[in-house]
Amino acid sequence: MIGRLNHVAIAVKELAPAAAQYRNALGAKVSEPEPLPDHGVTVVFITLDNAKIELLEPLGEASPIADFVARNPKGAIHHICYEVDDIVAARDRLHASGARVLGGGEPKIGAHGKPVLFLHPGDFSGTLIELEQA
Ligand SMILES: C[C@H](C(=O)O)C(=O)SCCNC(=O)CCNC(=O)[C@H](O)C(C)(C)COP(=O)(O)OP(=O)(O)OC[C@H]1O[C@@H](n2cnc3c(N)ncnc32)[C@H](O)[C@@H]1OP(=O)(O)O
Ligand SMILES: [Co+2]
């Protein structure tokens, strides 16, 4: 069911120094910060030839990454995103398998303008998974 790796996300307290390291030390293609209030994050995209990296900074009072960043003040890998062809079919299959689909199972429009869902890290080897309809 899952297809390509779309992105790996890294959560940080502050985007600017993290983005500067990727741009200057690693020579990466780094976007300007984009606030996504619906997701409670501000995001910077790093474009690689075969996938993307998302740098995430908490946005607003109820950011879903606030606790994670408090627990990981130096920053840490936060989630990985796999592409699926049909997000509703993926959601139904996951429900049937007993895995917890977050947010009530209703897809939201993600950072790339496509529907996304998140799966509980407790069901997938301690890794938060995002699914994005390709
Ligand atoms: C827009 C964009 C895009 O790409 O399109 C994005 O990515 S937005 C990316 C930001 N959006 C999201 O992350 C949305 C989905 N996330 C969530 O709903 C939440 O972050 C969550 C339910 C995964 C965790 O919420 P929380 O930290 O408040 O909850 P808890 O503190 O109760 O954590 C529950 C258990 O999960 C663990 N845990 C929490 N976050 C993570 C993580 N990122 N990776 C691995 N484990 C994690 C905790 O350590 C704890 O483990 P233990 O039980 O062992 O103590
Ligand atoms: Co993401």
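Visitor: Which residues does the UniProt annotation "domain: VOC" cover?
Guide: We're looking at a predicted model here, and the annotation comes from an unreviewed UniProt entry. The span that the record labels "domain: VOC" is residues 4-134.

Visitor: How far apart are the end C-alpha atoms of residues 4-134?
Guide: Let's take the make-up of that span along with its ends. Residues 4-134 are 21% helix and 37% strand. The end C-alpha atoms of the span lie apart by 9 Å.

Visitor: Which residues are the protein donors of the cobalt ion (ligand 2)?
Guide: Look for protein atoms lying 2.1 to 2.6 Å from the cobalt ion (ligand 2). Two of them are histidine NE2 atoms and two are glutamate OE atoms. The residues are His 7, Glu 54, His 79 and Glu 130.

Visitor: What is the geometry of the site of the cobalt ion (ligand 2)?
Guide: Ideal angles for six octahedral donors are 90 or 180 degrees. Around the cobalt ion (ligand 2), the angles among the six donor atoms run from 79 to 174 degrees. The site is classed as octahedral.

Visitor: What spacing do the donors of the cobalt ion (ligand 2) follow along the chain?
Guide: Follow the chain from one donor of the cobalt ion to the next, and you get H-x46-E-x24-H-x50-E. Within that pattern, His 7 in strand 1 (residues 5-11) and Glu 54 in strand 5 (residues 52-58) are 47 residues apart, so this pair links distant parts of the chain. The spacing as a whole is H-x46-E-x24-H-x50-E.Visitor: Is His 7 buried or exposed?
Guide: The cut-off to keep in mind is that buried means under 20% relative accessible area. His 7 has a relative accessibility of 0%, so His 7 counts as buried.

Visitor: Is Glu 54 buried or exposed?
Guide: Apply that cut-off of under 20% again. Glu 54 comes out at 4% relative accessibility. Therefore Glu 54 counts as buried.

Visitor: Which residues come nearest to ligand 1?
Guide: There are 20 residues around ligand 1 to choose from. Two of the cobalt donors are glutamates, Glu 54 and Glu 130, and both turn up in the list of nearest residues. That list reads Glu 54, His 78, His 79, Ala 111 and Glu 130.

Visitor: How much of the accessible area of ligand 1 does the protein cover?
Guide: Start with the polar atoms. Oxygen atoms of ligand 1 lie 3.1 Å from an N or O atom in the side chain of His 7 and 3.0 Å from one in the side chain of His 79, while a nitrogen atom of ligand 1 is 2.9 Å from a polar backbone atom of His 78. On its own, ligand 1 has 1,100 Å² of accessible area, and the part covered by the protein is 66%.

Visitor: Which element gives the most to the shell around ligand 1?
Guide: Strand 5, helix 2 (66-71), strand 6 (76-84) and strand 9 (128-133) each supply at least two residues of this shell. One of these elements gives three residues, the most to the shell. That element is helix 2.

Visitor: Which residue does the side chain of His 79 join in a polar contact of 3.3 Å?
Guide: His 79 sits in strand 6 and is buried, because its relative accessible area is 3%. Its partner in the 3.3 Å side-chain contact is a histidine, and that histidine is also a protein donor of the cobalt ion (ligand 2). The partner is His 7.

Visitor: Is Ser 125 buried or exposed?
Guide: Ser 125 is found in the loop between strand 8 (115-119) and strand 9. This residue has a positive phi of about 60 degrees although it is not a glycine. Exposed means over 50% relative accessible area, and at 77% relative accessibility Ser 125 counts as exposed.

Visitor: What separates the C-alpha atoms of Leu 48 and Glu 130?
Guide: Leu 48 lies in the loop between strand 4 (41-47) and strand 5, where its 37% relative accessibility makes it partly exposed. Glu 130, one of the cobalt donors, is 82 residues away from Leu 48 along the chain. The C-alpha separation of the two is 19 Å.

Visitor: How far apart in space are Val 41 and Pro 64?
Guide: Val 41 has its place in strand 4 and is buried, with a relative accessible area of 7%. Pro 64 is 23 residues away from Val 41 in sequence. C-alpha to C-alpha, the distance between Val 41 and Pro 64 is 8.0 Å.

Key: Residues are numbered from 1 along each chain as its sequence is written. Chains are lettered from A and ligands numbered from 1 in the order in which they are written. This is a predicted model: local features need pLDDT of at least 70, side-chain atom pairs count only at pLDDT 80 or more; totals for chains, interfaces and linings use all residues. Side-chain values use heavy atoms; hydrogens and water are left out. UniProt positions are given in the numbering used here, feature names are shortened, and annotations may be inferred rather than shown by experiment. Helices (H or I, at least four residues) and strands (E, at least two) are DSSP runs, numbered from the N terminus. Donors are N, O and S atoms within 2.8 Å of the metal (3.2 Å for Na, K and Ca); water is not among the atoms, so sites may look incomplete. Four donors count as tetrahedral if all angles lie between 85 and 135 degrees; four count as square planar and six as octahedral if opposite donors are over 155 degrees apart and all others between 65 and 115; anything else is irregular. Buried means under 20% relative accessible area, exposed over 50%, partly exposed in between (1.4 Å probe, protein chains only). A residue is near a molecule or strand if one of its heavy atoms lies within 4 Å of it. A polar contact is a pair of N or O atoms within 3.5 Å; within protein, one must be able to donate a hydrogen and the other to accept it, and residues adjacent in sequence count only if both atoms are side-chain atoms. Accessible areas come from the Shrake-Rupley method with a 1.4 Å probe; for residues, only the protein chains shown count as cover.
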